Amino acid sequence: MTDETETSWPVPFSPADLAALGEGEVAYVKPMSSDEVRRLFPQAPELAPGLALFALLSASGTPILLTDSRDAAVANAWAQDLETVSLH
């Protein structure tokens, strides 16, 4: 028996499809300064300028956690069974 399903390459992905890849499995650790925090965490309190921080983001880019320690961001991801990758 043959599979009659054909896939044409490249497979078209919508932005929503790409954002969902790895959702619930992968999280990103993104270094950022306190000056950038409001963009991802609008509810965050006012922070001193120039602080080095780390954001943990879901595969779709949804903010999960903001911390001053990369290790804390990774530990939080592991506690949620998320594989971590770094963004530069």
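Let me start at S34, which sits in the loop between β1 (26-33) and α2 (37-40). Helices here are DSSP runs of H or I with at least four residues, strands are runs of E with at least two, and both are numbered from the N terminus. Is S34 buried or exposed? S34 is buried, because its relative accessible area is 8%; buried means under 20%, exposed means over 50%, and partly exposed lies in between, with a 1.4 Å probe and protein chains only. If we leave aside neighbours within four places in sequence, S34 is in contact with L47, A48, P49, G50, L51 and L53. Contact means heavy atoms within 4.5 Å.

A word on what we are looking at. This is a predicted model, in which local features need pLDDT of at least 70, side-chain atom pairs count only at pLDDT 80 or more, and totals for chains, interfaces and linings use all residues. Residues are numbered from 1 along each chain as its sequence is written, and side-chain values use heavy atoms, with hydrogens and water left out.

pLDDT is the predictor's confidence in each residue, from 0 to 100. The protein averages 81, and 70% of the residues score at least 70. Where is confidence lowest, and where is it highest? The lowest mean, 61, belongs to helix α1 (residues 15-20), and the highest, 94, to α3.

Now the overall layout. There are three helices and four strands, and from the N terminus on they run α-β-α-β-β-α-β. The protein has 88 residues, and 24% of them are buried. About 6300 Å² is exposed, with carbon and sulfur atoms supplying 57% of that; the areas come from the Shrake-Rupley method with a 1.4 Å probe, and for residues only the protein chains shown count as cover. Of the contacts between residues at least 6 apart in sequence, 44% join residues at least 24 apart.

Next, the strands. Two strands pair if DSSP finds at least two bridges between them. β1 and β2 run antiparallel and are joined by seven bridges; in this pairing Y28 stands opposite L57 in β2. β2 also pairs with strand β3 (residues 63-67), again in the antiparallel sense, over four bridges. There, A55 has L66 in β3 as its bridge partner. The hairpin of β2 and β3 has four residues between the strands, and G61 takes a positive phi near 95° in it. How much of β2 is covered? Six of the seven residues in β2 (residues 52-58) are buried, so the strand counts as mostly covered.

On to helix α3, where A77 is placed. A77 counts as buried because its relative accessibility is 0%. Apart from neighbours within four places in sequence, A77 is in contact with A27, L56, L82 and T84. A77 and L65 lie 12 residues apart in sequence, and their C-alpha atoms are 9.2 Å apart in space.

T84 brings us to strand β4. At a relative accessible area of 18%, T84 is buried too. Its contacts, with the same sequence neighbours left aside, are A27, V29, V74, A77 and W78. A27 therefore appears in the contact lists of both A77 and T84.

Last, D81, in the loop between α3 (70-79) and β4 (83-86). D81 has a positive phi of about 55°, although it is not a glycine. Is D81 buried or exposed? D81 counts as exposed, because its relative accessibility is 68%.
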